[in-house]
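This report covers a protein–DNA model. The text deals with the DNA surface and then with the contact between two chains.

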Protein chains: 2
Amino acid sequence: MAHQGKPAYQQVADDLRQRIIDGALQAGDKVPSEAELMNDYGVSRIVVRMAMEALQNEGLIDKQQGKGTFVRAQRPLRKRLSVDLYGKRPTYSPMKRATEAEGRRSEWEWQSRRTTATKAIAERLAIEPGDEVVKTAYQFFADEQPIMLSTSYEPYALIAGTPVENPEGGAITGVVPRMDAIGQHITHVTEDVNARAPRPYEAEQLEIAPGVPVITVTRTYFVDERPVETCDIVVAADRYTFSYTIPIPSHAD
Amino acid sequence: MAHQGKPAYQQVADDLRQRIIDGALQAGDKVPSEAELMNDYGVSRIVVRMAMEALQNEGLIDKQQGKGTFVRAQRPLRKRLSVDLYGKRPTYSPMKRATEAEGRRSEWEWQSRRTTATKAIAERLAIEPGDEVVKTAYQFFADEQPIMLSTSYEPYALIAGTPVENPEGGAITGVVPRMDAIGQHITHVTEDVNARAPRPYEAEQLEIAPGVPVITVTRTYFVDERPVETCDIVVAADRYTFSYTIPIPSHAD
DNA sequence: TAGTGGTCTAGACCACAAT
DNA sequence: TTGTGGTCTAGACCACTAC
């Protein structure tokens, strides 16, 4: 490895990245094995692995134990979790839309329990810490593969004794219709989008390598200024994209 | 390190993560040095480093060469890049809003040049590959620190000979006002939000460690169904969050 | 000068997949 | 059985920071 001031592992990563971008290595192609790369570049295995790890975290390659390393299919194959602002229906169920639109089955599992609000959750729901909330953990699947984790919180006071006390137990799916059923007509939703490396549990559930980033969304549903549900969403960034369409008001000032 | 089937580096990471979450290690606290951790857990340095790298990529710690490793300030301190749907003004300049709102100066640098559209860009702008476009690379700063990279593309045919041919050279800042000035009244914007590890150039520009994810946004401005500008945005995920507010139409079906 | 994290070598054994 | 990537050891030297 001719040095140019840069660390060797970055030079290896740069070279391989360029070969992928240039198309010398195409989607599905096998990347040379670690042993071959050690030879090709004249570096130790740790250097090769550091380079490959960087490329994996960039979403460019896919390592498979026992088989080898392959160039990933690029962006166009990523699924979109889209939020349609123009639909007449008040449903707000991007995952269902995304999966049904592709003729796939949409499935989820959930586990619900009553608990008390932490300080952070209380703040998001504009209630007091210690107030009762219903906490529900969801796992969404498409074609048997886990694609999204979500944990939602609702003030228990809001839904106690109503038909929707059981989160998704009834026939009504989606937060907006469920809230509609008890007279809470959701007016808007806020989403804070961020990203980070997955926690081990998330990496396992979503079947991604540790280091491959996840997109996190903190979503809160409001009836006017009152929050009625808040949830934390986690999806694998190398497989999914969040899409937004934002209307720009006209210049009639 | 008592083994429980899990790799040692995950156990070390799990233990340190728990100490941070529990508050035993608080924001700003110094994490034990690599040498101390090797001793504490009875593992080699590479194991300690793999654990620390995971925590860094999760945004939990901050490594500083020569000084040590420290627990990061958590989410609430992150800045928001917010998109206000309700403002009367048609400006769409989230970075300015975010920085001005905090009484900070907002600065940017840009470099513009005419070139031809690649296949991907042509598709996003609904023009033909090879058509002329104006490509502009922006760097946004807040308090001298780089916070956002952006590369925008506009069809040259749209702006040729107009006062806004020079991207941000005139007094008009922001895409919506600029387009307004030439009679193009932007009706909506689409954003595709994703995340990945940064490229070396991005890590350097944004002053983040390789492995700390960036949020990428592919944003396109439309006049009715016609795209008039598209851009790629990159921000450090450990410092910034994108916020959306989405109105939910009422159930009057 | 001492302590920190950054890079790197040369090995080793393991788990998994293909043959 | 062979080749792959996953984990791990025991070192080494360097660059940066604080004293």
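Which elements of chain A and chain B each supply at least two residues of the surface near DNA strand D? They are α2 (34-41) and β3 (68-71) of chain A, together with α1 (8-22) and α3 (45-57) of chain B. Helices (H or I, at least four residues) and strands (E, at least two) are DSSP runs, numbered from the N terminus.

The model is predicted: local features need pLDDT of at least 70, side-chain atom pairs count only at pLDDT 80 or more, and totals for chains, interfaces and linings use all residues. Residues are numbered from 1 along each chain as its sequence is written, while chains are lettered from A and ligands numbered from 1 in the order in which they are written.

A residue is near a strand if its C-beta atom, placed from the backbone, lies within 6 Å of it. Around DNA strand D there are 20 residues, of which A:S33, A:G66, B:A8, B:S44 and B:G66 come nearest. With three residues, α3(B) gives the most to this surface.

Chain A and chain B contribute 46 residues each to their contact, which is counted between C-beta atoms, placed from the backbone, within 7 Å. On the side of chain A that touches chain B, α1 (8-22), α3 (45-57), α7 (175-181), β8 (188-196) and β11 (240-247) of chain A give two or more residues. The most, nine residues, comes from β8(A).

The classes are nonpolar (Ala, Val, Leu, Ile, Met, Phe, Trp, Tyr, Cys and Pro), charged (Asp, Glu, Lys and Arg) and polar (the others, Gly among them).

| Surface | Nonpolar | Polar | Charged |
|---|---|---|---|
| Near DNA strand D | seven residues | eight residues | five residues |
| Side of chain A that touches chain B | 22 residues | 14 residues | ten residues |

β8(A) also pairs with strand β11 (residues 240-247) of chain B, in the antiparallel sense over six bridges; pairing requires that DSSP finds at least two bridges between the strands. A:V193 has B:F242 as its bridge partner in β11(B).

Notes: Contact = placed C-beta atoms within 7 Å.
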